[in-house]
Amino acid sequence: MATNKLQTAVRVKLLTSITIEQETESYELQTTGTIQFKNGSAYLHYDEVQENGTVNTLVKVAPEKTLIQRRGAVNMRLSFNKEIPLNGSYDTPQGTLLFTTETNELKTVFGEEEGSISVDYELFMNEQHVGSYKMDITYKEDETA
């Protein structure tokens, strides 16, 4: 992993698959963002424009865990570590929902010009299984920026 470089503009592709009670839905997003390396961690930033507003997303890949934090129209925090379940949260108009992620698979490849993160996890709320999730995020340096 590279260290302490200024931000690099990148093109981001996100594929998400959610399975809840035998029903699977898939989503794809393509957007632009930035990648930065600092203190041994990689930080991928990008915005998602949704019907109810823009969501600023940060993906932090550190040696001890991977974090996905979304702020704006959606406020959510997910953490992943293949060795241990981790707590997360999702803010709703009614209050904050707390949940736990159990990571089945986590692969990260982060370079200055391109990289990827693939995470396959189970989501639990109050010890009840909510669903199975798979996320593939890839980025590549945006040479047009």
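**Ring pairs, strands and loops**

Mentor: Three aromatic pairs are counted in this predicted model.

Trainee: What makes Phe110 and Tyr139 an aromatic pair, and is it called stacked, tilted or edge-to-face?

Mentor: Their centres are 5.3 Å apart and the planes meet at 45 degrees. Rings pair if their centres lie within 6.5 Å, so the distance qualifies. Stacked needs an angle under 30 degrees and edge-to-face one over 60, therefore 45 degrees makes the pair tilted.

Trainee: How do you know that the pair links distant parts of the chain?

Mentor: Phe110 belongs to strand S8 (residues 95-110) and Tyr139 to strand S10, with the two positions 29 residues apart in numbering. Both Phe110 and Tyr139 are buried.

Trainee: What is the pair of Tyr121 and Tyr133 called, and why?

Mentor: The ring centres of Tyr121 and Tyr133 are 5.2 Å apart and the planes are at 15 degrees. That angle is under 30 degrees, so the pair is stacked. Tyr121 is in strand S9 and Tyr133 in strand S10, so the pair ties together parts that are 12 residues apart in sequence. Tyr121 and Tyr133 are both buried.

Trainee: Which residues do ring pairs link into a cluster?

Mentor: The cluster consists of Phe80, Tyr121 and Tyr133.

Trainee: How many helices and strands does the protein have?

Mentor: There are zero helices and 10 strands. From the N terminus on, the elements therefore read β-β-β-β-β-β-β-β-β-β.

Trainee: Why is the protein called as compact as a globular protein of its length?

Mentor: The radius of gyration is 15 Å, and the globule rule gives 15 Å for 145 residues; the two are close, so the description applies. Along its principal axes, the C-alpha trace spans about 45 × 35 × 30 Å.

Trainee: What share of the residues counts as buried?

Mentor: Of the 145 residues, 38% do. The accessible surface comes to about 8,800 Å², and 46% of that surface belongs to carbon and sulfur atoms.

Trainee: Is Thr8 called buried or exposed, and how do you know?

Mentor: Its relative accessibility is 8%. Buried means under 20%, so Thr8 counts as buried. Thr8 is found in strand S1 (residues 5-20).

Trainee: Which residues is Thr8 in contact with, leaving aside its neighbours within four places in sequence?

Mentor: They are Gly33, Thr34, Ile35, Glu112 and Glu141. For the whole protein, 35% of the contacts with a separation of 6 or more are between residues 24 or more positions apart.

Trainee: Is Asn39 buried or exposed, and why?

Mentor: Asn39 has a relative accessible area of 69%. The cut-off for exposed is over 50%, so Asn39 is exposed. Asn39 lies in the loop between strand S2 (23-38) and strand S3 (41-50). Its phi is positive, about 50 degrees, although Asn39 is not a glycine.

Trainee: And Asn126: buried or exposed?

Mentor: The relative accessibility of Asn126 is 68%, which is over 50%, so Asn126 counts as exposed. Asn126 sits in the loop between strand S9 (114-125) and strand S10 (128-141). Phi of Asn126 is near 50 degrees, a positive value in a residue other than glycine.

Trainee: How many positive and negative charges are there, and how far apart are their mean positions?

Mentor: There are 13 positive and 22 negative charges, and their mean positions are 6 Å apart.

Terms used
Residues numbered from 1 in each chain as written. Predicted model: local features only at pLDDT ≥ 70, side-chain atom pairs only at ≥ 80, totals over all residues. Heavy atoms only, no water. Helix = DSSP H or I, 4+ residues; strand = E, 2+ residues; numbered from the N terminus. Rg over C-alpha atoms; globule rule 2.2 N^0.38 Å. Buried < 20%, exposed > 50% of the residue type's maximum accessible area, 1.4 Å probe, protein only. Contact = heavy atoms within 4.5 Å. Areas by Shrake-Rupley, 256 points an atom, 1.4 Å probe, with all protein chains shown as cover. Lys, Arg positive; Asp, Glu negative; His and termini not counted. Charge placed at Lys NZ, Arg CZ, Asp CG, Glu CD. Phe/Tyr/Trp six-rings, centres within 6.5 Å; stacked < 30°, edge-to-face > 60°.
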